[in-house]
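Colleague: Hi, could you walk me through this model?

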Amino acid sequence: MTAEASLAGKAPRFVVLDSGCYFSSRESCEKVLGDDVLVLDTYRLTNYDLNPHACLVIDGFVDQQFLYEKRERIQQFLDRGKMLIFSGNLFLPWLPGASLFVPKPIHSHLDYVVSIQGSHPIFAGVDANDLTYNKGVSGFFARGHHPVPSRAEVLLTLPNGEPITYIDRHSTRGTLLVHSGNNLLGYNDPSNTTGLIGKQLKAWVEEEYRLIQARRETQ
Amino acid sequence: MRKIAVIYGGNAHQHRTFYETKYRRYCQELIYLPELHRMSLDDYDVVLIPSQLHQRLLMESQSKLIDFVQRGGVLAGLGAQPTHLLPGHGWEFRPTNFWWWLDRDASSGLVANKPDHDLFNYITLEDATWHYHGVFHPPAGVDCIINVEGGGTILYVDQLTTSGTLILTTLDPEYHYGSYFMPATERFLNGFLPWLAGGKLHYHR
């Protein structure tokens, strides 16, 4: 859905930033298209009103220099009880609470093995082996991590406990999900258990957003 | 040494690649893409256009880039080029086979078409071997350096289509190196950038 089309009806829950490059448009935008998703050119963030939407989705192809210039807008969006999903490698401090990406020194393919921590609805039914391996080859999912802020909920780790996916409910008045790999919303391939992630992530956002709004009403 | 300007999109993989000391030394300037429209290219010999740049912003500076090459400059483009930003490449999309190397009797299908080209004093064919997202069909007479068995080229030098030099490859080494993935891409960049800065671009038979 385009920004113009959304004005006519109910605002889609998700705004996916289109980084404008070939891979981003294909991998992050086309794969997640739906009535609940609005795809917005990154540079339109300058004057686009995000308020009608619940969750901003940003991939690793994005211009982080631009987002660093817009970091106050991002913080303000989250402080209004909104959500943000970032999948990528952070090299500038524009994401509240987040630290810069730390690449993992790789000595063997086993250094890429992914573990699911506890049980979380986003990864329910997902086989950790399917996260680690694609046709028997590892390394596609995550090749490093972002050190977590205090009180973050860690969902996935690499073998030495490096947190590759975490939820942060404390750095802002909203909720962030930070992942050091490809756009998590784009995992929709039904031939693999990782294909569950996209839908389950959307369902989790719905529930999390409902809880944030309920909490704000009682404050 | 030729003066190289790199168009820089502010993304993580380009940041990692072009700020890496061993590569940064070959890059006179990193031009931030949103500022390209008001920057002069007059001081540079080579403009390097990496893959995975914001296509609309890049197309807005198309005439500036074409003017640069028509004045005798060298334009080098990395990665898939499905747009018509640069002339004459005859891009053909090919479904990417990421897995050719897992097959029995694995062959990438790549061929050194001009094995005595100066580029091969800087890289080997293996350094250019990972996967490709399509092939080019450039005009007859240009120097196709790495071809694909069965038709098409993935790296060529064109000094016929414009008054300058177009160097185009479907390979996207800066994306993979910058994403901490695929060691061959580092070896490719270790040779390609020094060649771009100081090697012989023109092929002498």
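Modeller: Sure, here are some notes on chain B and on aromatic pairs.
This is a predicted model, where local features need pLDDT of at least 70, side-chain atom pairs count only at pLDDT 80 or more, and totals for chains, interfaces and linings use all residues. Residues are numbered from 1 along each chain as its sequence is written, chains are lettered from A and ligands numbered from 1 in the order in which they are written, and side-chain values use heavy atoms, with hydrogens and water left out.

Colleague: How many helices and strands are in chain B?

Modeller: Chain B has 6 helices and 10 strands, taken as DSSP runs (H or I, at least four residues, for helices; E, at least two, for strands) numbered from the N terminus.

Colleague: And how much of chain B is buried?

Modeller: Buried residues account for 59% of its 205 residues; buried means under 20% relative accessible area, with a 1.4 Å probe and protein chains only.

Colleague: Switching to rings, how many aromatic pairs are there over all chains?

Modeller: There are 13, counting Phe, Tyr and Trp (its six-membered ring) with centres within 6.5 Å; planes under 30 degrees apart are stacked, over 60 edge-to-face, the rest tilted.

Colleague: Why is the pair of A:Tyr43 and A:Phe66 edge-to-face?

Modeller: Their planes meet at 65°, with ring centres 4.9 Å apart, so the pair is edge-to-face. A:Tyr43 sits in the loop between strands S2 and S3 of chain A, and A:Phe66 in helix H3, 23 residues apart.

Colleague: Is A:Phe66 buried or exposed?

Modeller: A:Phe66 is buried, at 6% relative accessibility.

Colleague: Which residues form an aromatic cluster in chain B?

Modeller: B:Trp130, B:Phe188, B:Phe192 and B:Trp195 form one cluster.

Technical notes:
Buried means under 20% relative accessible area, exposed over 50%, partly exposed in between (1.4 Å probe, protein chains only).
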